[in-house]
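Dear colleague,

Please find below the structure that I am handing over to you, together with its sequence. My notes on what was found follow directly after it.

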Amino acid sequence: MSQSQLAADHRPLRGRLVLGIVAAATLVACAQPPRPADASPDHWSGRLAVQVEDDAGQSFSAGFELKGHASAGQLTLINPLGNIIARVEWTPHRAVLVQGQERREAASLQTLVHDLTGSDLPIYALFSWLKGEALQVAGWRTNLDALQQGRLSATREQPLPRTTLRIVLSL
């Protein structure tokens, strides 16, 4: 079986993995509203929705919990019933995606995201954005107008396909 046939055979699973990772990576593309004094500065949760404007018109929504920072952390995606959809964990030397019984490893979070999405998402810049630092990244537009109300959005316009993320943070 050729590589293109193998890729075609795994498109439905890959599509969900891609959306999950895009959601995960893009999730951190937005700044966090001020936290209570006792809240951890490296722990966020809420709901997210991702829409990819490609031929398939893919969309994804989930609850999330994010812990850590750009070099080490964990992201858990949760369905409306409270069940874990996927978990991504990373350290400086490896990244692991666990979805059900499937496990995928890569040398880094950036590599895992690239392998799954075929795109270089600005993973390390995303954590700067999460901390409220308005770091400019080519191709991305972030809307923080409703940040104080815990509502965020980010759009990747280049490279295509256009991807829109909407987040409602737990305050």
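I begin with a contact at the end of a loop: the side chain of T163 comes to 3.2 Å from the backbone oxygen of P161. Such a polar contact is a pair of N or O atoms within 3.5 Å; within protein, one must be able to donate a hydrogen and the other to accept it, and residues adjacent in sequence count only if both atoms are side-chain atoms.

Two remarks on the basis of these notes are in order. The model is predicted, with local features requiring pLDDT of at least 70 and side-chain atom pairs counting only at pLDDT 80 or more, while totals for chains, interfaces and linings use all residues. Residues are numbered from 1 along each chain as its sequence is written, and side-chain values use heavy atoms, with hydrogens and water left out.

T163 and the loop before it

T163 belongs to strand β9, which spans residues 162-169. Is T163 buried or exposed? With a relative accessible area of 3%, T163 is buried; the term buried means under 20% relative accessible area, exposed means over 50%, and partly exposed lies in between (1.4 Å probe, protein chains only). Its contact partner P161 sits in the loop between β8 and β9, and the peptide bond that joins L160 and P161 is cis, with omega about 10°. P159 is found in the loop between β8 and β9 as well. A cis peptide bond also joins Q158 and P159, where omega is about -5°. On either side of this loop, strand β8 (residues 151-156) and β9 pair in the antiparallel sense over six bridges, and T155 is placed opposite T164 in β9.

Overall architecture

The protein chain contains four helices and nine strands. Helices (H or I, at least four residues) and strands (E, at least two) are DSSP runs, numbered from the N terminus. Along the sequence, these elements follow the pattern α-α-β-β-β-β-β-β-α-α-β-β-β. An open sheet of nine strands has the order β6-β5-β4-β3-β2-β1-β9-β8-β7, with antiparallel pairing. Its edge strands are β6 and β7 (140-143), each of which pairs on one side only. On average, neighbouring strands of this sheet are turned by 20° against each other, direction ignored; the underlying axes are lines fitted to C-alpha atoms, for helices over the stretch in contact, and angles run from 0 to 180 degrees between N-to-C directions. Two strands are taken to pair if DSSP finds at least two bridges between them.

Of the 171 residues in the protein chain, 42% are buried. Among contacts between residues at least 6 apart in sequence, 43% join residues at least 24 apart, where contact means heavy atoms within 4.5 Å. The accessible surface comes to about 9,300 Å², of which carbon and sulfur atoms hold 51%; accessible areas come from the Shrake-Rupley method with a 1.4 Å probe, and for residues only the protein chains shown count as cover.

From β4 to β6

β4 and β5 form a hairpin with two residues between them, and five bridges join these antiparallel strands. One of the pairs places R87 opposite its bridge partner V98 in β5. β5 (residues 94-99) is also joined by five bridges to β6 (residues 102-106), again in the antiparallel sense. Here V96 stands opposite E105, and Q99 has E102 as its bridge partner. In this second hairpin, which has two residues between the strands, G100 takes a positive phi near 65°.

Q99 lies in strand β5 and is buried, at a relative accessible area of 17%. The C-alpha atoms of Q99 and I85 are separated by 6.2 Å, although these residues are 14 apart along the chain.

The nonpolar core

Which residues touch the most other members of the largest nonpolar core? Of its 24 residues, these are L48, F64, L77, W90 and I167. A nonpolar core is a set of buried Ala, Val, Leu, Ile, Met, Phe, Trp, Tyr and Cys residues joined through side-chain atoms within 4.5 Å. Two or more residues come from each of β1 (43-53), β2 (59-68), β3 (73-78), β4 (84-91), β5, α3 (109-117) and β9.

Finally, F60 is found in strand β2 and is buried, with a relative accessible area of 10%. Its C-alpha atom is separated by 5.1 Å from that of V50, ten residues apart along the chain.

With kind regards
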